[in-house]
Amino acid sequence: MPTKTRRLTPALPRPGARRNILLAVALAGLCVVSSAFAQPPQLSAQTLRFVKYAQPLLAITHVRVIDGNGTPARENQTVLLRDGLIAAVGRHVALPKGAIVVDGSGPTLIPGLVGMHDHMFYPAPKVNPEAKEAIYPEQASSFPKLYLAGGVTSIRTTGSTEPYTDLELKKAINAGTIPGPKMHTTGPYLEGKGSFTPQMHELTDAADATDTVNYWIGEGATSFKAYMHITRAELAAAIAAAHAKHVQVTGHLCAIGFTEAAELGIDDLEHGLPVDTEFSAGKQPDVCPDTKVALAQLATMRVDDPRIQQLIRTLVSKHVAVTSTLPVFETFVPGRASVDQRVLDAMLPETRVEYLASRERIAGMHDSPWPKVFKLEQDFEHAFVQQGGTLLAGLDPTGYGGVIAGYGDQREVELLVEAGFTPLQAIQIATLNGARFMGEDQRIGSIEVGKVADLVLLDGNPAKNIKDIEHVALVFKDGMGYDPAKLVKAANGTVGLR
């Protein structure tokens, strides 16, 4: 098989051209791509402690490749990495002199996951278990390591409680000072009056929304997230200000329904049906209704309900994406989410105690609407994609703390398969779809010549057993091979603190 090439100009030869022409074009294309991207950062001594392979020329041989395009896995491939880029992919790749060889016999290579609802914060354990305060401290030490160890090489933070911390983390990761994924930093929440945490600024009006968006774009925010109590006027102003500077807006909404948000021009909607209140009886404009009542209403609905089908048609026609966050919802279903020892090991002891107590309490809620709502959301996501919608993947490490960076991203892919997607489709949703939505698909999101070498080597074959996505052997970011075990060890016991 000739080396796989990426279309760079209309002048590429048609299929069937001679092999030497294809190889010449591949080499020329590689030179063009190489000059377009910055060289990988020089890693600090602190970061290098977590790196197993730092050589500029490396070949992964005899490996199964799932390239992220939704196409069938290809066996016995060689993937050549040079200076942080993918230089060649195929069965008959000549190994350059001096290349370090990694034997990939048995494992599978997939693109690095692109987490599209991957906060850097997490609920703090309460000093008083009966207290109602909701505080979400930044996990600036543990989460970057755990995302990367879990195979997540790029994230969108999708709402920030400490936007300056996120921005500084991004700088440190880009400089190679600390290990972590590439970060696309969402600005502070665009929330209206009624925030449940003091960590969110409450907008006063549409002008405040405009000013907030413009200020944080100036500080480096690359997207925004509207929140539960934002009004239509405030959301419209925020969208207009963001779009004027080619910045996207997503939303976890409540006072505004999904159809209203789509009409206002929103780019993405988080979580799906469990936060869409437009089906609630007596819903008032710009007012977030009782969420328990809204969930109870959803529990009576099916995906073939004409109202849900009309919503899908509206979102698809207006090119509004939906971000799936099934892992956090799974924790609300009594007795459903299994206890993952990896998650427990990552937690601060006080966090672990509180999480297990909350889990036990939820297990006793026999009248919960969540079993039906969770199934409805899985059905909705599958139907949305079948009808042409763009689905993105994330974990949302919030709720009562059962979902943690990296591990939750892996669980999201597993739950997409449970929802009816094939493993190849689920991997594409969790990789290329996110890259494409953010306009990064010429750089990341799939295994193709010329793209950045952000890759995950898995022990096993997730095309046959999706649980193998948890068995991360190596994570390559910018061609550097990180040791997930070392990253996990450095983060364990600290989630909930830092």
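Visitor: How many residue pairs are in polar contact across the interface of domain 1 and domain 2?

Guide: This is a predicted model, where local features need pLDDT of at least 70, side-chain atom pairs count only at pLDDT 80 or more, and totals for chains, interfaces and linings use all residues. Residues are numbered from 1 along each chain as its sequence is written, and side-chain values use heavy atoms, without hydrogens and water. A polar contact is a pair of N or O atoms within 3.5 Å; within protein, one must be able to donate a hydrogen and the other to accept it, and residues adjacent in sequence count only if both atoms are side-chain atoms. With both residues at pLDDT 80 or more, the rule gives 12 pairs between domain 1 and domain 2.

Visitor: Which element gives the most to the side of domain 1 that touches domain 2?

Guide: Helices (H or I, at least four residues) and strands (E, at least two) are DSSP runs, numbered from the N terminus. On that side of domain 1, α2 (45-48), β6 (108-111), β16 (472-477) and α17 (484-491) each supply at least two residues. With five residues, the top contributor is α17.

Visitor: How many salt bridges does the rule find across the interface of domain 1 and domain 2?

Guide: The rule asks for a side-chain nitrogen of Lys or Arg within 4 Å of a carboxyl oxygen of Asp or Glu. Between domain 1 and domain 2, the number found is four.

Visitor: What is the area buried between domain 1 and domain 2?

Guide: Buried area is the accessible area (1.4 Å probe) that two parts lose on being put together, summed over both. Carbon and sulfur atoms give 64% of it here, and the total is about 2900 Å².
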